[in-house]
Amino acid sequence: MSQVFSDGVVARVTEEINSNPSSHRHAENIIPHRHKVASPPRQTLFQEFKHNFNETFFSDDPFGKFKNQKGSRRFILGLESIFPIFDWGRGYNLKSFKGDLIAGLTIASLCIPQDIAYAKLANLDPQYGLYTSFVAPLVYAFMGSSRDIAIGPVAVVSLLLGTLLTDEIPNYKSHDYLRLAFTATFFAGITQMALGLLRLGFLIDFLSHAAIVGFMGGAAVTIALQQLKGLLGVKDFTKKTDIISVMRSVFKAAHHGWNWETILIGVTFLAFLLTTKYIAKKKKNLFWVAAISPMICVIVSTFCVYITRADKKGVAIVKHIKKGVNPASAHEIFFSGHYLTAGIRIGLISGMVALTEAVAIGRTFAAMKDYSLDGNREMVALGTMNVIGSLTSCYVATGSFSRSAVNYMAGCKTAVSNIVMSIVLLLTLLVITPLFKYTPNAVLASIIIAAVMSLIDIQAVILLWKIDKFDFLACMGAFFGVIFKSVEIGLLIAVAISFAKILLQVTRPRTAVLGKLPGTTVYRNVLQYPKAAQIPGMLIVRVDSAIYFSNSNYIKDRILKWLTDEEALRTASEFASIQYLIVEMSPVTDIDTSGIHAFEDLLKSLKKKDVQLLVANPGPIVIEKLHASELSGLIGEDKIFLTVGDAVATFGPKGVGS
């Protein structure tokens with residue numbers, strides 16, 4: 001049991017004060033003035049609703065800059081809110097352009113081979129990946145607020161989209177499959193725009209960091225395993241993504257389905273890519289080595305296959321990539337019929353995942369450069385980008401961590417780097433695409449494997465284990481859900497565990513027994529501070545949560561259990577029995593009717609035990625509701641105190657509370 005002031009110590013202190021009149025007068029003089037708990041100004045229902053509404057949806061005061069402005073100025077500010085490029089573009093200069101030009105060219109060299117490879121993950125023809133990296137970055141550059149994020153197809157979203165689409169239409173060569181991809185992209189954009197316009201960006205925060213780490217790691221493993229088809233030259237490969245089905249396909253084809261030329265190409269270039277990534281990681285100024293290595297792999301492997309005609313020996317190649325800019329695809333979207341519902345569902349899921357990844361990346365680099373990122377504006381920008389993309393033969397685009405990191409390291413200053421990348425992609429579509437005809441699939445597989453390895457964050461997992469075991473469980477649940485079942489099941493597990501953690505914390509909040517630190521008037525948790533002494537005849541309990549219907553009964557029962565346990569310990573130790581229960585309510589931000597009823601029940605239970613209830617430091621909302629419900633009258637106005645020290649000084653042993 002924690003340290004308790006003995007009756008003997010208190011008696012000696014009291015006796016010394018009583019025996020010395022001057023000491024007695026001095027003790028009276030040092031007792032501080034006791035303030036009563038004040039109630040805040042009463043608010044009407046409309047005022048309270050308005051305050052809560054503004055704090056939920058408009059906490060950043062987006063309309064504040066429009067106040068006291070003329071009509072023309074308001075128009076300009078509104079235009080800048082929608083298109084931030086008109087804001088920062090006024091101060092754009094040649095020095096910034098040099099940084100953006102180098103960064104744009106660097107990420108373009110990285111994204112071209114990645115786009116071709118990621119399109120295959122989505123079971124789409126290679127040109128659709130290039131289309132996406134041409135249109136989406138252009139739109140984002142005008143509407144996005146991040147200076148560093150690089151836009152385009154990404155591995156996780158491509159795999160998720162491909163998995164969900166093939167579940168609906170197994171024949172990914174059919175035209176309906178392509179139409180469903182555009183439909184899903186359209187509704188992914190609508191979802192993202194709606195979240196931004198309705199200022200519901202806080203919803204994506206419900207997916208915890210731990211769940212994202214596990215989901216991304218599991219997706220990385222799944223994506224890498226999927227590339228064994230291209231890396232080993234396996235022709236008959238499963239369409240399932242779980243590790244068991246994939247490995248079964250790999251070993252089933254071991255005797256007759258592997259192609260040694262393909263394996264040689266894939267392993268050689270994979271080793272080269274991993275080596276360049278290692279060099280770039282060890283020497284930050286050589287980041288460009290890893291950035292251009294995928295393009296080098298594509299050029300060298302394509303040339304080698306062309307001169308050796310390895311495609312005649314079973315080495316699978318890209319073959320034809322359609323030349324030219326994006327064709328219009330508005331007429332291809334399903335706005336009715338059998339696949340409309342599927343398109344909405346797939347768009348909602350892929351849009352949320354894409355949004356979560358982009359916002360996380362944007363916030364990371366914004367924090368590194370110390371500038372603010374408007375989450376709702378980002379959602380509108382990403383949503384508009386995907387809606388326009390769906391009308392121009394693109395599939396779901398978002399921020400890429402690997403490309404954004406390269407963009408950052410290359411010295412990008414603004415979103416103009418995305419415009420430069422987009423122009424390079426345009427030239428590629430108009431001129432270079434026929435040159436990719438002999439690019440081996442094994443190289444594309446090695447590029448994907450090298451890219452997704454950075455999604456596996458071992459250090460983050462170790463940190464989760466050290467900090468919070470429940471977070472670690474959420475991470476592992478999402479990870480194993482992805483690799484043993486499917487990407488969408490892993491995502492579902494990640495969301496479910498995140499919500500379970502929230503529910504657990506809300507329904508089972510922490511409570512603590514407090515004691516007084518020696519030589520101070522400070523009261524702290526006796527488990528954290530073993531020297532903190534409990535007050536004879538008193539039990540001080542702190543509730544570390546708002547008290548709602550979901551936890552009110554638990555809090556009441558937990559307080560009574562503390563009381564029962566402490567009473568038993570003190571009785572056994574021959575200390576004074578508990579006569580007062582002090583509930584420290586400074587962490588209690590709110591209390592509802594269920595919480596009020598729980599306190600009424602607590603009062604009844606305490607009366608049976610002949611224990612009086614004292615309340616310390618209730619917040620403005622809590623004290624207002626205590627008065628409104630007349631619970632303050634049941635407790636007693638003289639038993640509601642500003643601090644625990646005041647309560648102890650009033651009802652506790654003399655000389656202890658001060």
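Two people talk through how the labels on this predicted model follow from its computed values.

Modeller: Quick ground rules: this is a predicted model, where local features need pLDDT of at least 70 and side-chain atom pairs count only at pLDDT 80 or more, while totals for chains, interfaces and linings use all residues. Residues are numbered from 1 along each chain as its sequence is written, and side-chain values use heavy atoms, with hydrogens and water left out.

Colleague: Fine. What does the secondary structure of the protein come to?

Modeller: There are 27 helices and eight strands. Those are DSSP runs, numbered from the N terminus: H or I over at least four residues for a helix, E over at least two for a strand. The C-alpha atoms fill a box of roughly 110 × 70 × 55 Å along the principal axes. Of the 658 residues, 51% count as buried.

Colleague: What makes helix 13 and helix 14 roughly antiparallel?

Modeller: The axes of helix 13 (residues 260-282) and helix 14 (residues 287-308) come within 8 Å and cross at roughly 165°. Axes are lines fitted to C-alpha atoms, for helices over the stretch in contact, and angles run from 0 to 180 degrees between N-to-C directions. Under 35 degrees is roughly parallel, over 145 roughly antiparallel, 65 to 115 roughly perpendicular, and the rest oblique. Helix 13 and helix 14 are therefore roughly antiparallel to each other.

Colleague: And which residues make the contact?

Modeller: Contact means heavy atoms within 4.5 Å. On helix 13, the residues include Ile265, Phe269 and Phe272, and on helix 14 they include Phe287, Val289 and Ala290. By class, the contact of helix 13 with helix 14 has 13 nonpolar, three polar and one charged. Here Ala, Val, Leu, Ile, Met, Phe, Trp, Tyr, Cys and Pro count as nonpolar, Asp, Glu, Lys and Arg as charged, and the others, Gly among them, as polar.

Colleague: Why is helix 23 called roughly parallel to helix 24?

Modeller: The axes of helix 23 (residues 552-572) and helix 24 (residues 593-608) come within 8 Å too, and cross at roughly 25°. That angle makes helix 23 roughly parallel to helix 24. Their contact includes Ile559, Leu560 and Leu563 of helix 23, plus Ala598, Leu602 and Leu606 of helix 24. It divides into six nonpolar, four polar and two charged residues.

Colleague: On to burial. How do you know whether Ser393 is buried or exposed?

Modeller: Buried means under 20% relative accessible area, exposed over 50%, partly exposed in between, with a 1.4 Å probe and protein chains only. Ser393 has a relative accessible area of 2%, so it is buried. Ser393 sits in the loop between helix 16 (375-390) and strand 2 (398-400). Its phi is positive, about 65°, although it is not a glycine.

Colleague: And Lys319, buried or exposed?

Modeller: Lys319 has a relative accessible area of 55%, so it is exposed. Lys319 also has a positive phi, near 70°, and its place is in the loop between helix 14 and helix 15 (340-369).

Colleague: What makes Ser422 buried?

Modeller: The relative accessible area of Ser422 is 0%, so it counts as buried. Ser422 lies in helix 18 (residues 416-432). Leaving aside neighbours within four places in sequence, Ser422 is in contact with Ser133, Phe134, Pro137 and Leu138.

Colleague: Now the sheet. What makes strand 4 and strand 8 the edge strands?

Modeller: Strand 4 (523-525) and strand 8 (640-641) each pair on one side only. Two strands pair if DSSP finds at least two bridges between them. The open sheet has six strands in the order 4-3-5-6-7-8.

Colleague: Why is its pairing called mixed?

Modeller: Strands of a sheet pair through backbone hydrogen bonds, either parallel or antiparallel. The pairing here is mixed: strand 3 (residues 511-516) and strand 4 are antiparallel over three bridges, whereas strand 6 and strand 7 run parallel, joined by five bridges. Strand 3 is also antiparallel to strand 5, through four bridges.

Colleague: How do you know that both faces of strand 3 are covered?

Modeller: Thr511, Val513 and Gly515 on one side and Ala512, Leu514 and Lys516 on the other are all buried. Gly515 stands opposite Arg524 in strand 4, and Ala512 opposite Arg542 in strand 5. In strand 7, four of five residues are buried, hence the label mostly covered.
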